[in-house]
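Colleague: Before I rely on the labels in your description, I would like to hear the reasoning behind each of them. Could you take me through the model label by label?

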Amino acid sequence: MKKAGHRGGTRAKARPKAKRAARAGNTRKSAAKKVVLLSGGNPQIAKGEGDAPVQAYIGAMPDWKRAVGRRLDALIVRSVPSVRKAVKWNSPFYGIEGEGWFLGFHCFTKYVKVTFFRGASLRPVPPGESKTPETRYLDIHEDDELDEDQFAAWVKQASELPGEKM
């Protein structure tokens, strides 16, 4: 039997709003837990601006790398309180509004690679060389002890240089 004004047969039973909201919430939570890890354990996070995608990336970093990501993020924010954040190319990026990006990091199988886009201008120069003359890297392995004072100094210096316009 068809109801007036309804096409296609019987009408589906309406769900109470609370059940719909709970079901939608559960779907979001389970989707957040199912982040794809790319080669080297790098989380595949949709590109986006702001702190939320960066925190999603950090939260999805595997094993000991998650603690490194949290520490890096905290040091960057402490060193540059007005820092702008985004996830691009499955990596967190940090920059200054209108000035570009000065730093990013990325998960690899055995380390987290921090990229200083104008690293050759930092003092002292970060240890990892790049094919690009201006770029320098800092690789952080599981048992490495991060020199937080030096890292914070590099972040502060990098934030004062012209950034990458990506």
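Colleague: What makes a set of residues here the largest nonpolar core, and which members touch the most others?

Modeller: A nonpolar core is a set of buried Ala, Val, Leu, Ile, Met, Phe, Trp, Tyr and Cys residues joined through side-chain atoms within 4.5 Å, and the largest such set in this chain has 30 residues, of which Tyr94, Phe102, Leu103, Phe105, Val114, Phe116 and Phe151 touch the most other members. At least two residues each come from helix 2 (51-60), helix 3 (64-79), strand 3 (91-96), strand 4 (100-107), strand 5 (111-116), strand 6 (136-141) and helix 4 (148-159), with helix 3 giving the most, five residues. Helices (H or I, at least four residues) and strands (E, at least two) are DSSP runs, numbered from the N terminus. Please bear in mind that this is a predicted model, in which local features need pLDDT of at least 70 and side-chain atom pairs count only at pLDDT 80 or more, while totals for chains, interfaces and linings use all residues. Residues are numbered from 1 along each chain as its sequence is written, and side-chain values use heavy atoms, with hydrogens and water left out.

Colleague: Which residues does phenylalanine 105 touch, beyond those up to four places away in sequence?

Modeller: Contact means heavy atoms within 4.5 Å, and on that basis phenylalanine 105 touches Tyr57, Ile58, Met61, Gly69, Leu72, Ser91, Pro92, Tyr94, Val112, Lys113 and Val114.

Colleague: Why is proline 92 called buried?

Modeller: Buried means under 20% relative accessible area, exposed over 50%, and partly exposed in between, with a 1.4 Å probe and protein chains only; proline 92 has a relative accessible area of 0%, and is therefore buried. Proline 92 sits in strand 3 and, leaving aside neighbours within four places in sequence, is in contact with Val54, Tyr57, Ala86, Val87, Leu103, Gly104 and Phe105. Of these, valine 54 is 38 residues away in sequence, yet the two C-alpha atoms are 5.6 Å apart in space.

Colleague: Why do tryptophan 89 and asparagine 90 get the labels they have, buried or exposed?

Modeller: Tryptophan 89 has 57% relative accessibility, and so counts as exposed, whereas asparagine 90, with a relative accessible area of 18%, is buried. Both tryptophan 89 and asparagine 90 lie in the loop between strand 2 and strand 3. Neither is a glycine, but phi is positive in each, near 50 degrees for tryptophan 89 and about 60 degrees for asparagine 90. Most residues other than glycine have a negative phi, and most peptide bonds are trans. A cis peptide bond joins arginine 123 and proline 124, with omega about -15 degrees, and proline 124 is found in the loop between strand 5 and strand 6.

Colleague: How do you know that glutamate 148 and arginine 71 form a salt bridge?

Modeller: A salt bridge is a side-chain nitrogen of Lys or Arg within 4 Å of a carboxyl oxygen of Asp or Glu, and the N to O distance for glutamate 148 and arginine 71 is 2.7 Å, so the pair qualifies. The pair links distant parts of the chain, with glutamate 148 in helix 4 and arginine 71 in helix 3, 77 residues apart. A search of the whole structure finds eight salt bridges. Another of them joins arginine 84 and glutamate 97 at 3.7 Å, N to O, and Glu49, Arg84 and Glu97 are linked in a network of salt bridges.

Colleague: Why is arginine 136 described as having no salt bridge?

Modeller: The nearest side chain of opposite charge, that of glutamate 129, is 4.3 Å away, and the cut-off is exceeded, so no salt bridge is assigned to the buried arginine 136. Lys and Arg count as positive and Asp and Glu as negative; His and the chain ends are not counted. Arginine 136 belongs to strand 6, and a polar atom of its side chain lies 3.3 Å from the backbone oxygen of glycine 128, a polar contact being a pair of N or O atoms within 3.5 Å, where within protein one must be able to donate a hydrogen and the other to accept it, and residues adjacent in sequence count only if both atoms are side-chain atoms.
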